[in-house]
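Visitor: I have a model to look through, and I would like a guided tour. Could you take me around it?

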Amino acid sequence: MNSSETEPPRDAAALPAQESRLPQSADAVDAALRAFAAAAPALPLAVAFSGGADSTALLLACAERWPGQVRAIHVHHGLQAAADGFARHCQAVCEARAIPLKICAIDARKAPGQSPEDAARQGRYEALTAAANSPWVDVAGLPLGKGVRSVLLAQHADDQVETLLLALSRGAGIAGLAAMPAHWQRAGLQWFRPFLSVPGQALRDWLLQRGQNWVEDPTNADPSYTRNRIRAQLLPVLQQVFPQFRATFARSSAHCAQAAGVLEEVAVSDLQSVGLPPRIAALQQLGDARLANVLRHWLRSLHGTTPTAAQLSQLMAQIRVCTTRGHSIHIKVGRGFVQRRGLVLDWYNF
């Protein structure tokens with residue numbers, strides 16, 4: 001995500017808009033926030049604030065609803081020349097509204113074998129977690145007594161569709177097709193995506209109604225990124241052919257999320273049965289679907305790695321034929337290796 005150019009904060013008053021569309025868009029944003037508020041999120045909360053339209057709408061909407069209970073975290077990725085301008089814009093927005101802000105610089109360079117997107121995502125979550133869990137001060141520099149309990153992310157309905165289409169293009173399973181969850185827990189914090197039902201244009205319209213400016217990330221227009229091509233080329237066609245595609249795609253993802261939850265429960269139960277580390281003889285008693293399910297769960301939950309389809313198939317085949325003491329298993333799986341150690345399987349990455 002490299003760019004030497006940046007757009008200054010947009011002058012919202014100068015942007016063209018369809019006046020008849022603005023009230024309907026505003027209603028969608030307000031309805032989504034009311035539904036989120038009805039779930040009584042733990043306060044205070046922090047918004048991941050990039051300065052773009054989506055996170056700007058989320059930050060301001062939350063600040064209106066929960067005055068004095070909202071904070072902002074800006075992650076400075078340092079991957080493009082525009083990044084310093086993004087940080088300055090975020091600081092100006094927060095200072096104007098007395099919203100406490102933390103700016104966290106990260107090293108988002110990718111590790112060997114890691115994609116730039118994954119590196120940036122991992123660094124972003126680590127920075128958000130660290131910032132949320134550390135002490136806060138208000139805009140005057142005075143300590144704030146209560147720590148952040150919830151973190152909000154601004155992904156919207158279009159982002160959810162793009163995530164689903166990317167998952168389909170990669171042959172993802174049920175968990176991948178579940179796309180992005182609206183709520184989860186991590187590192188002692190509650191995480192939320194309140195706008196997953198709201199189209200991206202509705203968030204921009206909401207800002208236009210308020211005369212609020214935002215920044216545009218130049219990389220969002222870079223066609224070398226698959227997500228950008230989906231946004232620019234596929235979504236307009238889907239809008240023409242299936243006007244309700246956001247809602248119907250979200251419903252499919254919700255069904256997949258429910259199915260993934262069932263598979264997770266089965267995997268937890270099966271892992272308890274086969275033991276830790278997994279006993280080869282116990283694994284051999286499972287059918288192929290449950291064997292694949294429990295192996296994925298073991299590798300992901302215990303070792304933080306995910307096998308490719310080919311690696312998993314090879315591992316399962318070796319488990320099936322491992323019937324003698326001399327049979328060796330040593331297979332590259334995810335970021336490490338699975339090997340036989342006596343009667344059990346082991347995983348290592350050193």
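Guide: Gladly! Two strands pair if DSSP finds at least two bridges between them, and helices (H or I, at least four residues) and strands (E, at least two) are DSSP runs numbered from the N terminus. This is a predicted model, in which local features need pLDDT of at least 70 and side-chain atom pairs count only at pLDDT 80 or more, while totals for chains, interfaces and linings use all residues. Residues are numbered from 1 along each chain as its sequence is written, and side-chain values use heavy atoms, with hydrogens and water left out.

Visitor: In which sense do strand S2 and S3 pair, parallel or antiparallel?

Guide: Strands of a sheet pair through backbone hydrogen bonds, either parallel or antiparallel. Strand S2 covers residues 70-76 and shares five bridges with S3. Ala72 stands opposite Leu101 in S3. The sense of the S2 and S3 pairing is parallel.

Visitor: Which strands are the edges of the open sheet?

Guide: The sheet has six strands with mixed pairing, in the order S3-S2-S1-S6-S8-S7. An edge strand here pairs on one side only. The two edges are strand S3 (101-105) and strand S7 (183-186).

Visitor: What angle does helix H2 make with S1?

Guide: Helix H2 (residues 53-65) packs on the sheet, touching strand S1 (45-48), S2 and strand S6 (150-152); contact means heavy atoms within 4.5 Å. Axes are lines fitted to C-alpha atoms, for helices over the stretch in contact, and angles run from 0 to 180 degrees between N-to-C directions. For helix H2 and S1 the angle is about 160°.

Visitor: Of the six aromatic pairs, why is Phe36 with Phe192 called edge-to-face?

Guide: Rings of Phe, Tyr and Trp (its six-membered ring) pair if their centres lie within 6.5 Å; planes under 30 degrees apart count as stacked, over 60 as edge-to-face and the rest as tilted. The centres of Phe36 and Phe192 are 5.1 Å apart. The pair is edge-to-face because the planes stand at 70°.

Visitor: How many residues apart in sequence are the parts that this pair ties together?

Guide: Phe36 lies in helix H1 (residues 22-38), and Phe192 in strand S8 (residues 189-192). Buried means under 20% relative accessible area, exposed over 50%, partly exposed in between (1.4 Å probe, protein chains only); Phe36 is buried at 7%, and Phe192 is buried at 10%. The parts tied together are apart in sequence by 156 residues.
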